[in-house]
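Visitor: Hello! Could you walk me through this protein model, one question at a time?

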Amino acid sequence: MKNQFKLRSIFLLTAMVATLCATYSWLLSDNGYDTFSDIPMLFTPSIDVIQLGILLIPFFCLPLIVIMIVITLRSRPCPYSILIFFGLQLSVFMIDISFWGNGMRLIFAMLLSSMVVIAEVVYRKLTRGQLVAAIISFFITAAWYVAIICIIYAASV
C-alpha cells in the first residue's frame, strides 16, 4: 500500500497553514492608522490613474489569480507557500484597506509571500509552470500596491 502523503509534506502543509493563520491575525489585530505615511509613493496619481488603479484589481488581478490557480493545480508538485499568497488574496474581504486601514501590512505580507514562493520554487526545482505562477505573484503584488496608493491619494484629496 502506497502512502498518499509523506511526513515532510504534512509538516510543510501544517507550517504554511499556521503561517497563514498568524498573518491573518496580524492583519486583523489592529488598524494601521499612521502606516500610510510609511508607504513609499513611487508616483503621484492623477484622476485618470486613480480610476485605473481602482479598475486594476477586478480586471487585472482577478484573471491573474485564476491563471495562477490553474497553473498550480495542473503542474505537480505544488509549492506549499503559494497557499499563503492565495490566502492573502482572500484576506482582502476581511481586513480594512481604506485610508485608515492596514494597506501597508497587506502589501508587506504579499511581498514576503511572493518572495517565499519564488524561493521555494527555486529551492525545490519545480516546473517552469510553477515558476511562472510565482512570478505572476509579483505582478499581482505590484497591482495591489498601485491600487492601494490610488485609494490613499483619492482619500487624501
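Visitor: Which residues form a nonpolar patch on the surface?

Guide: Happy to help! This is a predicted model, where local features need pLDDT of at least 70, side-chain atom pairs count only at pLDDT 80 or more, and totals for chains, interfaces and linings use all residues. Residues are numbered from 1 along each chain as its sequence is written, and side-chain values use heavy atoms, leaving out hydrogens and water. A patch takes residues with over 30% relative accessible area and no salt bridge, joining like charges within 9 Å and nonpolar side chains (Val, Leu, Ile, Met, Phe, Trp, Tyr) within 5 Å. With about 520 Å² of accessible area together (Shrake-Rupley method, 1.4 Å probe, only the protein chains shown counting as cover), the members are Trp 26, Phe 108, Leu 111, Leu 112, Met 115 and Phe 138.

Visitor: Which helix gives the largest share of the nonpolar patch?

Guide: Helices (H or I, at least four residues) and strands (E, at least two) are DSSP runs, numbered from the N terminus. Phe 138 has its place in helix 5. The largest share, four residues, comes from helix 4 (residues 103–124).

Visitor: Is Phe 138 buried, partly exposed or exposed?

Guide: Buried means under 20% relative accessible area and exposed over 50%, with partly exposed in between (1.4 Å probe, protein chains only). The relative accessible area of Phe 138 is 31%, so this residue is partly exposed.

Visitor: With which residue does Glu 120 form a salt bridge?

Guide: A salt bridge is a side-chain nitrogen of Lys or Arg within 4 Å of a carboxyl oxygen of Asp or Glu, and the structure holds one. Both partners lie in helix 4, four residues apart, about one turn of the helix. Glu 120 counts as buried, at 12% relative accessibility. With the closest N and O atoms 2.8 Å apart, the partner of Glu 120 is Arg 124.

Visitor: Why is helix 3 (residues 82–91) largely enclosed by the rest of the structure?

Guide: The buried residues of helix 3 include Phe 85, Phe 86 and Leu 88. Gln 89 is found there too, and counts as buried at 9% relative accessibility. Helix 3 is largely enclosed because the number of its ten residues that are buried is eight.

Visitor: Which residues does Phe 139 touch, not counting residues up to four places away in sequence?

Guide: Phe 139 sits in helix 5 (residues 128–156). Its C-alpha atom is separated by 8.3 Å from that of Cys 61, 78 residues apart along the chain. Taking contact as heavy atoms within 4.5 Å, Phe 139 touches Phe 60 and Leu 64.
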